[in-house]
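Hello,

Here is the structure I said I would pass on. My notes on it follow below.

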Amino acid sequence: MADEALFLLLHNEMVSGVYKSAEQGEVENGRCITKLENMGFRVGQGLIERFTKDTARFKDELDIMKFICKDFWTTVFKKQIDNLRTNHQGIYVLQDNKFRLLTQMSAGKQYLEHASKLTNFNIDVP
């Protein structure tokens, strides 16, 4: 439980720090989002490389998505994805109804309409 609290505090401070630098005129707001996305991509890529180091190669896209939904998500967020959907054209939608990194933001009524849009993760597998 303590690890979870530390992770959430670190995440909140990182986002806050990036946006404070934008308020001070160092970076424009659009670049803040890009910076956060790039940080998330690098961390996710590193975690996936570390977690899959000793596993066999995946046979197809569905095996990759099952790994993300069951093993990866459970290791990182201590729960499985709530819903996995596909349009059978390479687009997968992962839905986590209680995504911890957004629950504090979505608890207020001010962000309620945006929270449901942000908890759907579209993954395009090439």
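**Aromatic pairs and the nonpolar core**

F58 has a relative accessibility of 33%, so this residue counts as partly exposed. Please keep in mind that the model is a predicted one.

The whole structure was searched for aromatic pairs, and three turned up. One of them joins F58 and F67: the ring centres are 5.3 Å apart and the planes meet at 50°, so the pair is tilted. Unlike the 33% of F58, the relative accessible area of F67 is 9%, which makes F67 buried.

Another pair is W73 with F77, where the centres lie 4.7 Å apart and the planes are at 45°, so this pair is tilted. W73 and F77 are both in helix α3, and because they are four residues apart, about one helical turn separates them. W73 is buried at 8% relative accessibility, and F77 is buried at 10% relative accessible area.

Now the core. The largest nonpolar core has twelve residues: M65, F67, I68, C69, F72, W73, V76, F77, I81, Y92, L94 and F99. At least two of its residues come from α3 (61–77), and at least two from β2 (91–95). The largest share belongs to α3, with eight residues. F67, W73 and F77 from the pairs above are among the members of this core.

Which residues does I68 touch, leaving aside its neighbours within four places in sequence? I68 is in contact with W73 and L94.

As general background, nonpolar side chains in soluble globular proteins tend to be buried together.

Regards

Conventions: Residues numbered from 1 in each chain as written. Predicted model: local features only at pLDDT ≥ 70, side-chain atom pairs only at ≥ 80, totals over all residues. Heavy atoms only, no water. Core = buried A, V, L, I, M, F, W, Y, C linked by side-chain atoms within 4.5 Å. Buried < 20%, exposed > 50% of the residue type's maximum accessible area, 1.4 Å probe, protein only. Contact = heavy atoms within 4.5 Å. Phe/Tyr/Trp six-rings, centres within 6.5 Å; stacked < 30°, edge-to-face > 60°.
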